[in-house]
Amino acid sequence: MKRLLLIVLMSSTLVSVLFAAGAQEEAASEGPVTIQLGISTREVGAAMPELLKSFEAANPNIKVEWNKVPGVPNDQHTLYVTNMMAQSEQPDVMAVDVVWPGEFIANGWAEPLNEYFSDSDLEGYLDGMMNSVTLDGKAYGVPLYTNAIHFFYRKDLLDKYGLEKPDTWEELIESAMFITEKEQNPDLNGYISMWAQIEGLFMNYLQFMWGAGGQFFDTKGNPSVNTPEAVKALETMVDMIYKYNVAPESILTYKPNDAMALFRQGRAVFMVVQDFVWPMLNEADSPVKGKVVMDRVPYFEGHSDANTVCMGGWILTLNPYSEHKAEAAELIRHLTSTESGIVLGTKSGCMPAVKGMEENAELISAYPIAETLYKDFSVGDVRPSAQAGKNYPELSHIMQKEIHAALLQKKSPAQAMADAQKALDELLQ
Amino acid sequence: MNEIARRKMFGLFLVLPAFLFVFLVLFLPAANTIIKSFTEFSPMNLQQNDFVGLKNYQKIFGNEEFMDSFFNTLHFAGVSVFFELILGLVLALILNKALAFRGVIRTAILFPWVLPTALNAIIWRWLFNTDFGFFNSFMKSFGLISRNINWLGEVSLAMNSMIWVAVWKTSSFIALILLTGLQSINDELYEAASIDGASGFQKIKSITLPLLIPSILLALLFRSMDALRSFELPFALTQGGPGGATQTLSLFGYRQFFQFLKFDQGAAVSVVQFLFILVLGLIYIRVLKGERDT
């Protein structure tokens, strides 16, 4: 019995030693280099095989292994964090959510790309997306594709009452009140969005705040939410529910898909959610098919220059523990090129984060709504994740909690923002 | 070595793999969690592992959200277990009596308990939906309400809605435990009571309930321990909203661990929760033992 145990122990030790030796040998040998790409199939799955094939054809000495990581962003985050904590050399290239780079940069989990990309290369990507990966003049990643929160409205209802598309929140509230009163339909809501206590709530709040001329971080890099602009943004949201009655109270439980379902049933005039709902609103059996227009998110009167489209998307970063950094940077360059972007856009509907795509005839003819999407991206910005670094998840949680408290009328908007400021100062001190 | 000692050794050897397994996946992580709760520890910096005494505990007890979650958990566990017990008792009495379609009825009553909690919560989220959920449209069609009720979006209602889901799901579990207790009661007692002219209610009061107390305590022990660490239900039903009204201790601890990566404070939350449940469990077991001895 003892002997058996000994054999098992010894053989398992031997196997692990052999594996380690094998791995080292592979690193040292000449010939094709294999690099690993971590990206899920969720959004870009349809385009990826073609992109990897064209990369390998152009770079015969580099093989790419596609690590199909889980589709749920939180699971991916856990996976990458675990790998980085263990200083794993894989994956060499990681696709990360636009709000993670701050945390990755702060922990040294993303390699600066300036050595591999020239300044003019980096200027070719959308500015809003580059903000999320740039710290102290260094670029720690480049955007692969982008999406955003847009404004959707029922053109047929506006036309019926001779109203123009609202540019400002003031006009939106007025039009929503007017239409819901005239329609006399108790099931019709003026405004719908995703105001459950989720990330989307914070994103929609930022759009109100930017639209009032506010910025989350002041010029000195300190959080500034106890400002007239930040309070005005929250006050408007509260008033939309309780004073103007344009948003239903149930909006406080709504996630993007819930809002989309209500809007698709023809039960809301205006909606602000992510662009992924567009195909669903235009399906053959959709009651609002052909009646919906997508546009940029409104701003407050006097702030037409504000960026109000909150952008998301995915970034490619280079693993600092990678043993093949130059080859991995080549893969990043290939995947984020204009040619690859066209494949991404037409095959998977993911909009490449490269400048000039709004005029790319090949993409626009294959995917017409892309023209609107890019127009909106040009007035877009990202969440303040690069500045918040590893504290971003908690920053977002504090904001969600305080915004929700005001929307539930547990606190006044001014009190909520004062409390948020205090908590943020403590967090980021 | 004599025969007995040899057999003992062999027995220990056979138990060893199971013991190792439990030790590695249960005791070691648990001990590690307790140790980590007294250190400053974050996955961002594995080298840093300084002993900080009760600092993490001070931090979480100073956190308003932790205290709210604590009382939410007590509220949820107390109210839901109370109603589950009453409903479970009624179900058990029906199960014990029902002669026709006995199998069908038993299966039907056990059905909610068999559904996974997360799936269950998602189904209920749709049923509760304010604008196109079943409850509101049902009550509206019968003219019971004129305005949609915001089941999961109102602070005063959300917790009750969550308790309702828990009661719906786990009453049958309590019923199952009580049923085994009921079946161990000797029929002769009821026959004797009938001969003495006792009514049905008197029989329940004087025979069934007193003899059922050990089973009731056992059911309470299982269910309250379970309810006090409730995670999937609030996670899938409300995500702790609105405004933290349904955030339980487990959900709060999960946020510290996996969203904010504050492993040290998350560990402290787990330890507090563990101690609380432990004390409660010990009280139950003591009472249960006292019951048995009398």
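Here are four short exercises on the structure above, each with a worked solution.

Before you start: this is a predicted model, where local features need pLDDT of at least 70 and side-chain atom pairs count only at pLDDT 80 or more, while totals for chains, interfaces and linings use all residues. Residues are numbered from 1 along each chain as its sequence is written, chains are lettered from A and ligands numbered from 1 in the order in which they are written, and side-chain values use heavy atoms, with hydrogens and water left out.

**Exercise 1. Work out whether the radius of gyration of chain A agrees with that of a compact globule.**

Step 1: Take the rule, which is 2.2 Å times the number of residues to the power 0.38, with the radius taken over C-alpha atoms.
Step 2: For 429 residues, that puts a compact globule near 22 Å.
Step 3: Chain A has 24 Å, so the two agree.
Step 4: For a look at the outline, the C-alpha atoms fill a box of roughly 85 × 50 × 50 Å along the principal axes.

**Exercise 2. Find how much of chain A is buried.**

Step 1: Get the cut-offs straight: buried is under 20% relative accessible area, exposed is over 50%, and partly exposed lies in between (1.4 Å probe, protein chains only).
Step 2: By that count, 56% of the 429 residues of chain A are buried.

**Exercise 3. Explain why Cys350(A) has no bond to Cys310(A).**

Step 1: A disulfide needs a pair of cysteine sulfur atoms within 2.5 Å.
Step 2: The closest cysteine sulfur to that of Cys350(A) sits in Cys310(A), 17 Å away, so it's too far for a bond.
Step 3: Over all chains, then, the tally of disulfides is 0.
Step 4: Now check the surroundings. Cys310(A) counts as buried because its relative accessibility is 0%, and Cys350(A) counts as buried at 7%.

**Exercise 4. Track down some backbone oddities in the loops of chain A, including those at Pro91(A), Gln87(A) and Asp136(A).**

Step 1: Know your elements: helices (H or I, at least four residues) and strands (E, at least two) are DSSP runs, numbered from the N terminus. Chain A has 20 helices and 12 strands.
Step 2: Go to the loop between helix H4 (73–85) and strand E3 (93–97), where you'll find Pro91(A). The peptide bond leading to Pro91(A) from Gln90(A) is cis, with omega near -10 degrees.
Step 3: Gln87(A) is in the loop between H4 and E3 too. Gln87(A) isn't a glycine, yet its phi is positive, about 55 degrees.
Step 4: Move on to Asp136(A), in the loop between strand E4 (134–135) and strand E5 (138–139). Asp136(A) also has a positive phi, near 50 degrees, and is exposed at 76% relative accessible area.
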